[in-house]
Amino acid sequence: MKTKLLYIYLFLIVSITNISEAADGGAYRFPHPEFTSGYTVPETKFHKDISIFSDYYKAVILIIFIIAGFITVYKLRSRKYILMVILLNLAIFGFYLQGCICPIGLIQNISEAMFNASYYITLWYAVIFITPLIAAVFAGRLFCISGCPLGALQEILLFKQIKIPMFADRLLRFIPYFILGISVVFAGVGMGYIICRFDPYIPVFRQTTIFYMIPVTIFFLIAAIFISRPYCRYFCPYGVLLKYLSYLSNKKIVIANPKCVDCRLCENACPNNAIIPTAPAISNEIYEKGLKRIRLLIYSIPFVLAAAGIAGFIAGDLISHYHPDIQLYRNIQNESKIDDDTVKAFILSGESTDNLRDRTISITNFMRYGISIVFIIAAFLVMIDIIIYSRMQKNKEPYIDAGICYACGRCYTVCPVERKNNSRR
Amino acid sequence: MKKLSRKNFIKIILSFISLIFLAKLFGRNKLFANTVWQIDTSKCIKCGKCAVNCVLSHSAVKCVHIYAHCGYCDLCSGYFREERANLDTGAENQLCPTNAIKRTMVEDPFFEYRIDEKLCIGCAKCVEGCGNYGNGSLVLQVKHDLCLDCNECAIAVKCPADAFKRINADKPYLV
Amino acid sequence: MFIKRPETAMKNKICLTDLFRRISNTIVSISAAFIIIIGIFLALYYNNYKNIDILDAPELTALHTELMETGYKDEPLKTKIRDLDMIYRRAWFSGQTYIADGLKLIFFGLIIFIIFLNISIFTTRRLPDLPETDRHIFFKHNKKLRLASLTIGIIFIAAISFLYLIKPKQLIKITVKKTEGIQYIYSDYENLKKNWSNFRGPLANGFSAEHQLADSFTVEKKWQIATESTGFSSPVIWSDKIFITSGDKNKLIIQCYDTEDGALVWQYETPTDNLQHLKDLYDEPGFASPTPAVDEARVYAVFANGLLVCVDTENGAELWRKQLPLNKIVYGYSSSLLIHSKYLVVQHDMKNAQTIFCFDAATGNELWKNPRKSDESWASPALVNHNEKLILLTATCSSVEAFELETGKQLWKNDMLSGEVAASLAYSNGKVLLASEFACAAALNIETGEALWKNFDLYLPDVSSPAAVNDMFFITTTGGDMQCVNIANGELFWQYHNNTGFYSSPVIISDKIICADMSGNIKFINAESAKYNLINEYSVNERIVATPAVINNALIIRADKYLYRLDIKEN
């Protein structure tokens, strides 16, 4: 009996101390009143159900969509069904889930988790990030039609195609290498997620945005009417990863099976310049010239890389001045900026300026070497690409470059061999 | 047994590297939950930037009144301006720029303050007033029925105090 | 075969798909125009909307100040404020609604545009174009490629140089100090105890056993010198040099005087930076309240703006400096420094963050820091040599704490204080003694930190720190009460009321108590439990706030305007 009482007493003590702890020590300037009129203190209500869709379901839906994309692209082989998947993708990932979280933006979360020890990603983030990459390893860039609302929106906007010449297209495709690198460094150093900040199509899905994005969005919307997938081709950093992984895939889109009639209709139907035509015959003189050029390109690699490294170092040093911490450090030293909110917040946080100074130094170094390394890697990839593009083609039939084919299915529609197969089926 | 092609070899190597990489990222903190944005009230400096920087035209950050901490004061420093004529609901006495706080009498010296979420724009004026001279029962929080959960929160970018952080969605409020 | 030519289709019959195409083309153009018009309207409206500053409308602020100036009696002005407030609110909320609605309209226009665009695409049947004859990617486009590469290169260089031109001017310089391979001089206790290295004596606890005063003596003024500077900090002494700190809004000063003739040996000056967090600083305590600390080679000073600086005792050359975290504290920062061997302890208990730092005296490198959840404090750390172990004692507004000097590990903590604590701790015979207004006088066990007794009936100090010797605990208060308390049980031995109060802390030299009141009387009292026994008294006729420093039968007193040396001559 006595022990029981003791337990009750202990429980009471514990519960009382818990309450006082929860109420911040229980000491308030103005004590909570005791009402005599029978007034009950209302509870602070929160909407328990979060409007945000669970990442787990997002991951599951993404996997389902990629499987659907696989079936339409490789089994049904028809632009009609592919378009259905695209529309569903736009409706669900675009307008229902409203964009975030997407694998493109997750590049930055992963990068921050790598470089910033206090940041971590959840399992579902990793699943969403890795699923399209695995799909790319096995079956090419299915994500671009079945999982990416940006791609879907651009796909259905294309109306009056202006065909970009092959060489200009290939040159512009070098931009994403740099964007990928810079976004990784920026996220790693805490300078913000630039991919998310300048995502041009997200405002369409949400119908609300920060105002500086509206001109960007309008520009990209208009561009998408005339140019096929302008964002995917020339800006999307995730596309770089998909491109290289797609080269590994066994399953590739093959048209005109078994025998190409070399009508070259597909070549023109492809809005993304992904179909490489049959190799032309080449005179000996041009061949010699080309060989010389490739030799020159290979010899110039070290110089280009060195130049890229130096440019990256300078650019990193300059960009680091716009890092919030470095701006804060400068504001602290500048007496005219003492009323700045960041300075106030810093003073209240009680961090030492020496600590901040050390941080600014490490940030500057990270930026310098990070951007420099990123530029070197990007320049290397660019040089390799140029060499590959400059070498002599030997293909007897047109083939699809798996790395840059978005599996839009337009070639299925125009290819006469494919039509014949379809009607036979 | 089939011969291992070069391509498959690269695939296997790549998948191993990515697995090790991901395992390393998770080894630090195993997290299988969803995360949402929320304001760390201890870091918040009540600068008022939440009101104008949200991607939503009407910010998802709102003032939340924790009634259990409220002193039900007649002279509420979250409700009245520092310089005021009388203690009444006239616009010249009110701190809130949008008249979002409703003041009603409970019994003689005690008044109840309710926040009209439709009008609240999350400017933190009342939060600052209550924090400076009162109990601190008014705090800013991200309302998850409104928040779009952007990957990079537009307010977090502008937040001078670094008070926005991602927290576990099972406990989405930090009050 | 597969694709009908439009001409032939037209010839045969009016094609339904063609009708669709025409209709959808019209709708596409209409919706495009609609989007553009709404977009332009929205842009114009947004320009209007963003000018509404609902948070701090300047007109409203002006009216509010006007109302305040009229003493809140102007009724028409109040109505005007209410009306204007209403107008602003309406403009803001309707603006938000308009913009949201406008964006939605654009969105629906876009949806219609896309749908009919696609209908148009599907209903347009045309022959596929034949590709250009060129089948090369890069191979043939040599000239174009060169041109393109050149353009890209030029753009890239232009971008970098543009960045270089617009870059901010202040670059952060990265400096790495080389500290290896240098032998630094540290002063151990044997050296320190012969001097007056800290606030309230060598161990900063108000008691020095090393210096002796005779039983009967006369006090003579040897010299007096105008310091021409303001500061509440106390002087510290190392062999033949006296160090004091002072400061104002413009500069912070460390001065070194000769003990023999009071001549200024050197003066160190640095501008007062980082003033932004000093809005709460009252003029009275000033910028140099913390007492400096000195050892054989260096003198250390900390100022109200958190600047910790170390200068050479020989010539006043700066050796290192640290900026402590910028933080707020009402009245201003006042905890004094403590030096012992290589440990330089800074108690930095501010409003939002409370940390005890320990720096390497020679280099300024951080040896340890203990950020703890405590409360703000104006008290200074004290050191105790208990059983050959050095224990650091600190008092904050909520608790008394003890730390290991070498590691910064907290030994114990007792949450018994309240109010605003400025009085530091004293120690005698294994007991930590404290007395602070709005709390109590108490003795704590040095080993465990538990309270042995508490006395709430005494007059308690709010500025002056108590001191203790043997079984006597000596308290002086701002009200002018001098009390001697039994440290065994907290009972009063004797009590004496002085006409003027004390800011300066008493120091005990072996068995003599020296205390200076605010009207400039320096009292020499024999430490005995029987009665108040005044041995000698000397007046400088000037307010004394600083605690006296004692060395070799001489007393250094810092008053408001002058620095005095009083010699003690044995009879």
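## A tour of two interfaces and a sheet

Start by selecting Asp341(A) and Lys49(B): their side chains meet in a salt bridge, with 3.2 Å from N to O. Keep in mind as you go that this is a predicted model. How many salt bridges does the rule find across the interface of chain B and chain A? The count there is two, and the pair on your screen is a salt bridge between these chains.

**Stop one: chain B against chain A**

Now widen the selection to everything in contact between these two chains. You should pick up 64 residues of chain B and 66 residues of chain A. Together the two chains bury about 5,200 Å², and carbon and sulfur atoms give 61% of that area. For polar detail, there are eight residue pairs in polar contact across this interface, both residues being at pLDDT 80 or more.

Next, hide chain A and look at the side of chain B that touches it. Color the elements that each supply at least two residues: helix H1 (6–28), strands E1 (35–39), E2 (61–65), E3 (101–107) and E4 (110–115), and helices H3 (125–133) and H4 (154–158) of chain B. Which of them gives the most? That is H1(B), with 11 residues. If you color this side by residue class, you will see 36 nonpolar, 16 polar and 12 charged residues.

**Stop two: chain C against chain B**

Bring chain C into view and select its contact with chain B, which takes 16 residues from chain C and 21 residues from chain B. These chains bury about 1,600 Å² between them, 62% of it on carbon and sulfur atoms. Don't hunt for salt bridges here, as the count is zero; you can display three residue pairs in polar contact instead, again with both at pLDDT 80 or more.

On the chain C side, select helix H3 (58–69) and helix H4 (75–123), the elements that give two or more residues. H4(C) gives the most, with nine residues. By class, this side of chain C divides into nine nonpolar, two polar and five charged residues.

**Stop three: a sheet in chain C**

Finish with the open sheet of four strands in chain C, ordered E11-E12-E13-E14 with antiparallel pairing. Strand E11 (338–340) and strand E14 (366–371) stand at the edges with a single partner strand each, so one side of each is left without a neighbour in the sheet. Turn the view to follow the twist, which averages 15° from one strand to the next.

Then zoom in on E11(C) and strand E12 (residues 343–349), which run antiparallel and are joined by three bridges. Select His340(C) last, and opposite it in E12(C) you will find Tyr343(C).

Note on methods: Residues numbered from 1 in each chain as written. Chains lettered and ligands numbered in written order. Predicted model: local features only at pLDDT ≥ 70, side-chain atom pairs only at ≥ 80, totals over all residues. Heavy atoms only, no water. Contact = heavy atoms within 4.5 Å. Buried area = accessible area lost by both parts, 1.4 Å probe. Salt bridge = Lys/Arg side-chain N within 4 Å of Asp/Glu carboxyl O. Polar contact = N/O pair within 3.5 Å; in protein donor to acceptor, adjacent residues only side chain to side chain. Nonpolar A, V, L, I, M, F, W, Y, C, P; charged D, E, K, R; others polar. Pairing = 2+ DSSP bridges. Axes fitted to C-alpha atoms, helices over the stretch in contact; angles between N-to-C directions.
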